[in-house]
Amino acid sequence: MALVAISTDSPEQIRAGKDKHAANATLLADPDLVVTDQFNLRNPRNISPKGLGGLPIPTTILVDAEGIVRWIDQTDDYMLRSEPGRVREALEVGLPG
Amino acid sequence: MLAALGLAIVGITGFLWFRLIQNVAVPRNRAPYLAAFLTGGVLGVMAMIEGAGWASNIMGGLAAVVGFGFPALRLQSAQQPNEPAVQLGGPMLDFTAPDETGADFSLSSLTGKPYLLKFFRGHW
């Protein structure tokens, strides 16, 4: 299962912050929230060093081999994120067999 | 006395809370934690009103700040999810973004195999 993780980190920040847990993931940079806005995932109430509305709502999207969206997880609370159990459950439901 | 108790309550609750966060095990029902924080905060305020000395006032103040501050942050963290631009059962959007080396990566390069795309808040 390929994993792509995108955040507002710049490529330099990604390199600096990358650890062994992310070794198999493709890490992408979206510092100007271009992709975040394309997916309409900006959190307008969020306050960050980038100012108001400078971060995405943590969201996980599962896409099948045909490019169809099979699962979207948006926590209603940024403290929860996509806990490993929920992701595993979604993989079993979204990609049967 | 009240102040020390209030500070101990918020201290222990805070310690337990952050340990849960580190294990990505934040419970969905946070009411007991919020109640504990608020109790500590109230005790802190009571201690300051009692005015039993500067040490008590400092501890009471700390307890009040943490005890009321944390629930206030908690209220702010419950966010309204936007309607994402993709829908269940619908096609995924393609995009190109730089990877950690600065090279462009296109999501369409993954066509033909399933993948997870995760938007997260980075390391700020």
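**A sheet shared by chains A and B**

In this predicted model, the side chain of A:Ser7 reaches the backbone nitrogen of A:Asp9 at 3.1 Å. A:Ser7 lies in strand S1 of chain A. Its relative accessible area is 3%. The cut-off for a buried residue is under 20%, so A:Ser7 counts as buried. Contacts of A:Ser7 come from both chains, leaving aside residues up to four places away in sequence. In chain A, A:Ser7 touches A:Leu28, A:Ala29, A:Asp30 and A:Pro31. In chain B, A:Ser7 touches B:Phe120, B:Arg121 and B:Gly122.

The strand that holds A:Ser7 belongs to an open sheet of five strands. The order is S2(A)-S1(A)-S3(B)-S5(A)-S6(A), and the pairing is mixed. Strand S2 (25-29) and strand S6 (69-74) of chain A stand at the edges. Each has a single partner strand, so one side of each is left without a neighbour in the sheet. Neighbouring strands are turned by 15° against each other on average, direction ignored.

Strands of a sheet pair through backbone hydrogen bonds, in either the parallel or the antiparallel sense. Both senses occur in this mixed sheet. S1(A) pairs with S2(A) in the parallel sense, over five bridges. Within this pair, A:Ile6 stands opposite A:Leu28. S1(A) also pairs with S3(B), again in the parallel sense and over five bridges. Here A:Ala5 stands opposite B:Lys118. On the other side of S3(B) in the strand order is S5(A). Strand S5 (residues 59-63) of chain A and strand S3 (residues 115-119) of chain B pair in the antiparallel sense, over five bridges. The bridge partner of A:Thr59 in S3(B) is B:Phe119. The strand from chain B thus stands between S1(A) and S5(A) in the sheet.

The largest nonpolar core also draws on both chains. This core has 19 residues. Those with the most contacts inside it are A:Phe39 and A:Ile61 from chain A, with B:Met92, B:Phe95, B:Leu107 and B:Leu117 from chain B. Strand S1 (2-7) and S5 of chain A, together with S3 of chain B, are the elements that give two or more residues to the core. S3(B) supplies the largest share, three residues. A second, separate core has six residues, among them B:Val10, B:Trp17, B:Leu34 and B:Ala63.

One residue of the largest core, B:Leu107, has contacts in both chains. Neighbours within four places in sequence are left aside here. In chain A, B:Leu107 is in contact with A:Val4. In chain B, the contacts of B:Leu107 are B:Met92, B:Leu93, B:Asp94, B:Phe95, B:Tyr115 and B:Leu117.

Chain A has three helices and six strands. From the N terminus on, its elements run β-α-β-α-β-β-β-β-α. Of the 97 residues of chain A, 49% count as buried. Among contacts in this chain between residues at least 6 apart in sequence, 18% join residues at least 24 apart.

Confidence varies along chain A. The average pLDDT of the chain is 77, and 62% of the residues score at least 70. Helix H2 (residues 34-38) has the highest confidence, at 94. Helix H3 (residues 84-94) has the lowest, at a mean of 58.

How values were computed
Residues numbered from 1 in each chain as written. Chains lettered and ligands numbered in written order. Predicted model: local features only at pLDDT ≥ 70, side-chain atom pairs only at ≥ 80, totals over all residues. Heavy atoms only, no water. Pairing = 2+ DSSP bridges. Helix = DSSP H or I, 4+ residues; strand = E, 2+ residues; numbered from the N terminus. Axes fitted to C-alpha atoms, helices over the stretch in contact; angles between N-to-C directions. Core = buried A, V, L, I, M, F, W, Y, C linked by side-chain atoms within 4.5 Å. Buried < 20%, exposed > 50% of the residue type's maximum accessible area, 1.4 Å probe, protein only. Contact = heavy atoms within 4.5 Å. Polar contact = N/O pair within 3.5 Å; in protein donor to acceptor, adjacent residues only side chain to side chain. pLDDT = per-residue confidence, 0-100.
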